[in-house]
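Reader: I would like to learn how to read a model like this one, feature by feature. Could you take me through it slowly, giving the general idea before each case?

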Amino acid sequence: MGGTMLDWPHLAPTELILSGGDALLLALAEAELPHPGRPHSSRAELALFVSLIARRAGIGRAAEGDALRAALLLPLSKVTSTFERPADPPRTHFRVGLALRSALAPYPELAGTATAAASCLAHWDGSGTPPLSASSIPVAGQLLGAALHASSARFFERSIADRERGLLAADLVASTRGRELSPELARAAADLLAEEGPRAKLARPAAELRAACAGLAPLRSSETELLGLAVWATEATRSLGHGHGRRCASLARRLAASLGLSPDGQRLCELAALAHDIGEREEPAELQSPRGPDLEHPERGAAILQKSRGLRALAPIVRAHHERLDGSGYPAGLRGEAIPFEARVVAVAEILDGMRNEREGRDGLESSVIERELRALAAAGQLDPSAIEAGIRAAEVFA
Ligand SMILES: [Fe+2]
Ligand SMILES: [Fe+2]
């Protein structure tokens, strides 16, 4: 085995302004910005709404923190305006909220965040889902619901302005008073939308969000502990590929063990494989190219991990997971030894996962076919031969 070996990362929580977990959530939200053409509001904007509404309505920091972290994790790109299509989106929200709640189950300190996610579509008058009403709706859920309505109204305002219908987001949110939202939260959100100061903040949500998060009780979980959750949140916004990160992680660990890497090296491969597609995001339909990969996701993923002190060592591996030995890969067209060894292991794990699972509508391939295809890739000079041999051994084990 040759090539660049990376230092084992120090996987301790950060001691900066934010705890490690929050730093990761923020890095994810920031990576969504700027996103020209994105028709929906970003996680960062939603989270900033949570914070601004909480201050205005006098809601405590604990409920604010729960709602804010749910906003940072909620796969919002699945959600359309609650004002534009009133019948469907609440159910979508609710499904997303329930999925988020089960994804959060292993993290006891995020129990309040799970509750906020699962109750954000309850309505003050009892007409929402779940059918809670008034003060029986958890405060963090009410707050997240108000933020969803506010960001949805803002998006709707933008779209109707084009059609010169003259409605304002503030009026839209005010109309939810005593129906979807409590009178206090509807007023707070409507006032916020009507004023110039908050609008300026919402124009650059990522910068403002750091300040909003800084005063919260920090998460004790480190970035490493929350990485699986962050990957889940990324994969949840895509229609295909759910579970790809976790499967690649376990494959990469097996390959690394089979290649004789140390336990630390195995863990590094495992974490990098878990995180390898964290930079992928669902593009709005009009921006999607009909075929071809998202060429920017390795760089975007590396940028997210680079911002997380505990995960920084994964960045060069993630950046290089689509590089190929013969220089035909991307983003940099690196060759041979210039590609970190761990990235070559992750590359084989990812290809193996694609072969073993549904690919382009086919069921997983037979292990004999996998062996033939893997050997062909090695012979073509694209993938590391030692990692390929390990992949073939792993494919036999899995057959
Ligand atoms: Fe992948
Ligand atoms: Fe990828």
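Reader: Let me begin with a single residue: is Ala 134 buried, partly exposed or exposed?

Author: Bear in mind throughout that this is a predicted model. To place a residue on the scale from buried to exposed, one counts the other C-beta atoms within 10 Å of its own, and a residue is buried at 20 or more and exposed at 12 or fewer. Ala 134 has 13 C-beta neighbours inside 10 Å, so it counts as partly exposed. Ala 134 sits in the loop between α5 and α6, and it has a positive phi of about 45° although it is not a glycine.

Reader: Which residue in the loop between α5 and α6 is a proline that follows a cis peptide bond, and what is omega there?

Author: For a peptide bond, the angle to read is omega. Pro 130 is found in that loop between α5 and α6, and the bond joining Thr 129 to Pro 130 is cis, with omega about -5°. A cis bond also links Tyr 330 to Pro 331, where omega is near 10°, and Pro 331 lies in the loop between α15 and α16.

Reader: How many helices and strands does the protein have, and what percentage of its residues is buried?

Author: Such totals set the scene for the details. The protein has 18 helices and 0 strands, and buried residues make up 52% of its 399 residues. Among contacts with a separation of 6 or more, 69% are between residues 24 or more positions apart.

Reader: Where does Thr 224 lie, and is it buried or exposed?

Author: Here the same neighbour count can be set beside a distance in space. Thr 224 lies in helix α11, and with 22 other C-beta atoms within 10 Å it is buried. Thr 224 and Leu 24 are 200 residues apart in sequence, and their C-alpha atoms are 9.2 Å apart in space. For Glu 396, in helix α18, the count is 12 C-beta neighbours inside 10 Å, so Glu 396 counts as exposed. The C-alpha atoms of Glu 396 and Glu 371, which are 25 residues apart along the chain, are separated by 8.5 Å.

Reader: How do α3 and α5 pack, and at what angle?

Author: For a pair of helices, one reads the angle and the distance between the axes, and then the residues that meet. Helix α3, residues 61-73, packs with helix α5, residues 111-119, at an angle of about 70°, their axes being 8 Å apart. That makes α3 roughly perpendicular to α5, since angles of 65 to 115 degrees count as such. The crossing of α3 past α5 is right-handed. On the α3 side the contact includes Ala 62, Asp 66 and Arg 69, and on the α5 side it includes Gly 112, Thr 113 and Ala 116. By class, the residues of this contact of α3 with α5 are 5 nonpolar, 3 polar and 2 charged.

Reader: What is the angle between α2 and α10, and how far apart are their axes?

Author: The axes of α2 and α10 come within 9 Å and cross at roughly 45°, and the two helices are therefore oblique to each other. This crossing is left-handed. Among the residues that meet are Leu 48 and Ser 51 in α2 and Pro 205 and Leu 209 in α10. The contact of α2 with α10 has 7 nonpolar, 1 polar and 2 charged residues.

Reader: Which residues of helix α14 are buried, and within what arc do they fall?

Author: One looks down the helix axis. The buried residues of α14 are His 297, Pro 298, Gly 301, Ala 302, Ile 304 and Leu 305. Seen down the axis of α14, these buried residues fall within an arc of 160°, so they line one face of the helix.

Definitions and conventions: Residues numbered from 1 in each chain as written. Chains lettered and ligands numbered in written order. Predicted model: local features only at pLDDT ≥ 70, side-chain atom pairs only at ≥ 80, totals over all residues. Axes fitted to C-alpha atoms, helices over the stretch in contact; angles between N-to-C directions. Helix = DSSP H or I, 4+ residues; strand = E, 2+ residues; numbered from the N terminus. Parallel < 35°, antiparallel > 145°, perpendicular 65-115°, else oblique. Left-handed = near helix turned anticlockwise from the far one by under 90°. Contact = placed C-beta atoms within 7 Å. Nonpolar A, V, L, I, M, F, W, Y, C, P; charged D, E, K, R; others polar. Arc of directions from axis to C-beta.
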